[in-house]
Amino acid sequence: MKLACVILAAGLGKRMNSSLPKVMHKIYDKPMIQYVLDSVSKLRPERTVIVVGEHHEEIEGSIRGSAVSFALQREAKGTGDALSKAKAALKDFDGTVLVLNGDTPLVTPETLKRFLRLHHKQRNAVSLISFIADDPKAYGRILRDSLGRISSIVEDRDATEGQKNIKEVNSGVYAIEQAALGLLKDIPLNPSKGEYYLTEVISIAKNRGYKVNSYCIGSENELMGVNTKSELLKAHLAMRKRIVNGWIEKGITFIDPDSAFVYPDVRIGGDTIIYPSVYLEGKTRVGKGCVIYPNVHIIDSEIGDGVLIKDSTVIEGAIVRSKAVIGPFAHLRHGCDIGSESKIGNFVEVKKSVIGQGTKASHLSYIGDALIGKGVNIGAGTITCNYDGKEKRRTTIDDNVFIGSDTQLVAPVRVGKGAYVGAGSTITKDVPPMSLALSRAEQKHIEGWALKKQFKVQSLKLKVKNRKDR
Ligand code: UD1
Ligand code: CA
């Protein structure tokens with residue numbers, strides 16, 4: 001069966017009270033329309049047409065998808081008029097046209113597939129998905145004839161009091177055979193709104209003897225339209241839950257699923273445990289058997305297998321290799337490659353640096369623009385001084401180096417293999433391999449200094465007392 005999809009996205013979205021086009025409002029990091037497009041693309045349509053309006057450049061610039069073209073509806077004259085604008089892009093197409101609203105982000109490919117199967121099996125010219133809405137006010141109501149077959153759709157503003165009680169509503173998902181698209185030109189202007197309603201195609205097709213059917217499949221959770229900010233929030237919460245539940249099915253443990261935020265393009269390996277208030281964003285990949293403790297925020301990063309990430313850690317644009325231990329309170333920034341079995345501990349910030357296997361920076365350090373080998377020990381309070389006010393410079397620390405606590409490494413500088421740097425040093429020159437570098441002032445002892453100080457204080461006190469007694 002040949003399939004084309006049309007997504008209607010040219011409406012003004014006034015009810016959002018926002019300057020952003022409605023379908024561009026995001027759930028997590030993706031605009032609503034991208035979710036619709038992603039679901040539709042699972043059906044492998046021959047082509048997909050998005051009808052765009054006034055803000056078309058904004059939508060066209062952000063959409064990702066193959067075989068997508070755009071049709072322009074200059075003036076938002078209704079959903080019927082919008083679909084007719086896609087006709088030119090479907091001119092040489094012969095098959096079924098699946099029509100959806102761009103504001104229905106929760107729609108799943110499974111329901112769409114099921115719907116198309118029913119449409120084809122029953123050889124309908126026009127089919128529609130309906131669903132039961134808790135509060136049907138925002139939707140067109142499905143009207144049925146005495147035999148229970150769909151006869152027409154009435155929008156809330158045009159409905160009688162009796163019709164307003166109907167809970168079965170139009171999802172805005174239609175399957176229309178190319179041959180029936182010609183009916184669009186007969187849609188009358190709706191006098192109350194001054195628009196051409198696509199919903200009219202149902203009664204027109206029926207009256208012309210075309211086979212029309214509606215299928216009450218799917219739920220409001222999946223088919224809800226988003227017209228307002230509060231509906232966007234509702235859709236966001238439903239999407240959040242759906243994504244987390246999907247990962248639970250795949251073997252991920254969430255200690256508190258209601259406080260986990262997993263973005264749609266994130267991937268998580270089996271047996272990973274996720275504690276409360278964890279954010280996994282963007283294209284983050286988490287390996288198998290990881291443990292992610294509370295308040296961790298990971299953005300566009302790759303976490304290997306068996307990694308332990310302790311509380312309140314931020315990781316953005318970094319790679320963390322298997323069995324590393326990160327945090328608590330660590331900050332891994334863009335361009336980091338943290339080696340396997342390494343340890344980045346509390347209050348350690350790492351930027352654009354490679355950390356070798358088994359290397360440890362356990363406390364209070366800044367490592368920036370550094371290349372650090374395997375088995376290195378970075379003492380507490382180590383700072384790479386990577387910025388000279390103009391340029392960022394590199395620190396290289398070779399395998400098995402020991403950097404004592406409170407060391408400053410003034411880049412560019414290199415510490416050779418197996419060398420030691422004494423605590424409290426400021427290293428400005430390259431350190432040869434297997435040597436000890438020390439750059440602190442030598443310790444002096446002034447014998448008896450404290451005794452003299454004590455004597456001075458006591459004699460001062462005596463003088464003051466004598467003065468008072470006089
Ligand atoms: C529409 C249906 C309603 C259905 C509901 C499902 C009509 C008249 N009403 O109502 O029966 O229950 O969807 O969610 O069709 N659009 C255009 N051009 C326009 C107007 C709208 O492209 O001139 C696009 C919008 O961007 C949107 C979609 O069509 O993505 C639906 O428009 P919207 O205004 O949201 O219609 P609803 O009032 O929700
Ligand atoms: Ca809508």
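Is Thr96 buried or exposed? I took this as my opening entry, working from a predicted model.

**Entry 1: Thr96**

I looked up the relative accessibility of Thr96 and found 1%, so I recorded Thr96 as buried. I then located Thr96 in strand 6, which runs over residues 96–101. Next I searched for polar partners of the Thr96 side chain. I noted a polar contact of 2.8 Å with the side chain of His120. I also noted a polar contact of 2.7 Å between the side chains of Thr96 and Glu177.

**Entry 2: the surroundings of ligand 1**

I asked which residues come nearest to ligand 1. There are 23 residues around ligand 1, and I listed Gln73, Gly78, Thr79, Glu155 and Asn170 as the ones that come nearest. I sorted the shell around ligand 1 by class and entered seven nonpolar, 11 polar and five charged residues. I also checked which elements contribute to this shell. Strand 1 (3–9), helix 3 (79–85) and strand 10 (168–177) each supply at least two of its residues. As to pockets, I recorded that the space taken by ligand 1 is the largest pocket.

**Entry 3: polar atoms of ligand 1**

I looked up individual distances from ligand 1 to the protein. For Gln73, I found an N or O atom of the side chain 2.7 Å from a nitrogen atom of ligand 1. For Lys22, I found an N or O atom of the side chain 3.0 Å from an oxygen atom of the ligand. For Gly102, the partner belongs to the backbone: a polar backbone atom lies 3.2 Å from an oxygen atom of ligand 1. I then asked how much of the accessible area of ligand 1 the protein covers. On its own, ligand 1 has 750 Å² of accessible area, and the protein covers 92% of this.

**Entry 4: helix 1**

How many residues of helix 1 are buried? I counted eight of the 10 residues in helix 1 (residues 32–41) as buried, and I noted the helix as mostly covered. The buried residues that I listed are Met32, Ile33, Gln34, Tyr35, Val36, Leu37, Ser39 and Val40.

**Entry 5: two arginines of strand 8**

I looked up Arg141 and placed it in strand 8 (residues 141–144). Its relative accessibility is 2%, which is under 20%, so I entered Arg141 as buried. I found a polar atom of the Arg141 side chain 3.3 Å from the backbone oxygen of Pro136. I then turned to Arg144, which has its place in strand 8. Arg144 has a relative accessibility of 36%, and I therefore entered Arg144 as partly exposed. I also took a long-range separation: the C-alpha atoms of Arg144 and Ile446 are 102 Å apart in space, and the two residues are 302 apart in sequence.

**Entry 6: Glu110 and Lys229**

I found Glu110 in helix 4 (residues 109–121). With a relative accessibility of 55%, which is over 50%, Glu110 counts as exposed. I recorded 80 Å between the C-alpha atoms of Glu110 and His445, which are 335 residues apart along the chain.

I found Lys229 in helix 8 (residues 229–249). Lys229 has a relative accessible area of 45%, so I entered it as partly exposed. Lys229 and Ser18 are 211 residues apart along the chain, and I recorded 9.2 Å between their C-alpha atoms.

**Entry 7: backbone geometry**

Why did I look up phi and omega values? Most residues other than glycine have a negative phi, and most peptide bonds are trans, so I noted the exceptions.

Which peptide bond involving Pro328 is cis? I found that the bond from Gly327 to Pro328 is cis, with omega near 5°. Pro328 lies in the loop between strand 26 (325–326) and strand 27 (331–332). I found a cis peptide bond also between Ala411 and Pro412, with omega of about 0°. I placed Pro412 in the loop between strand 37 (408–410) and strand 38 (413–415).

I then looked up phi. Arg123 is not a glycine, yet its phi is positive, at about 50°. Arg123 lies in the loop between helix 4 and strand 7 (126–132), and I entered Arg123 as exposed because its relative accessible area is 72%. Asn400, also not a glycine, has a positive phi of about 60°. I placed Asn400 in the loop between strand 35 (395–397) and strand 36 (402–403). With a relative accessible area of 48%, Asn400 is partly exposed.

How values were computed. Residues are numbered from 1 along each chain as its sequence is written. Chains are lettered from A and ligands numbered from 1 in the order in which they are written. This is a predicted model: local features need pLDDT of at least 70, side-chain atom pairs count only at pLDDT 80 or more; totals for chains, interfaces and linings use all residues. Side-chain values use heavy atoms; hydrogens and water are left out. A residue is near a molecule or strand if one of its heavy atoms lies within 4 Å of it. A polar contact is a pair of N or O atoms within 3.5 Å; within protein, one must be able to donate a hydrogen and the other to accept it, and residues adjacent in sequence count only if both atoms are side-chain atoms. Accessible areas come from the Shrake-Rupley method with a 1.4 Å probe; for residues, only the protein chains shown count as cover. On a 1 Å grid over the protein atoms alone, a cavity is a set of points where a 1.4 Å probe fits but cannot get out, and a pocket is an open set with protein on both sides within 12 Å along at least five of seven lines; lining residues have an atom within 4 Å of a point. A molecule sits in a cavity or pocket if more than half of its atoms lie within 2 Å of its grid points. Helices (H or I, at least four residues) and strands (E, at least two) are DSSP runs, numbered from the N terminus. Ala, Val, Leu, Ile, Met, Phe, Trp, Tyr, Cys and Pro count as nonpolar, Asp, Glu, Lys and Arg as charged, and the others, Gly among them, as polar. Buried means under 20% relative accessible area, exposed over 50%, partly exposed in between (1.4 Å probe, protein chains only).
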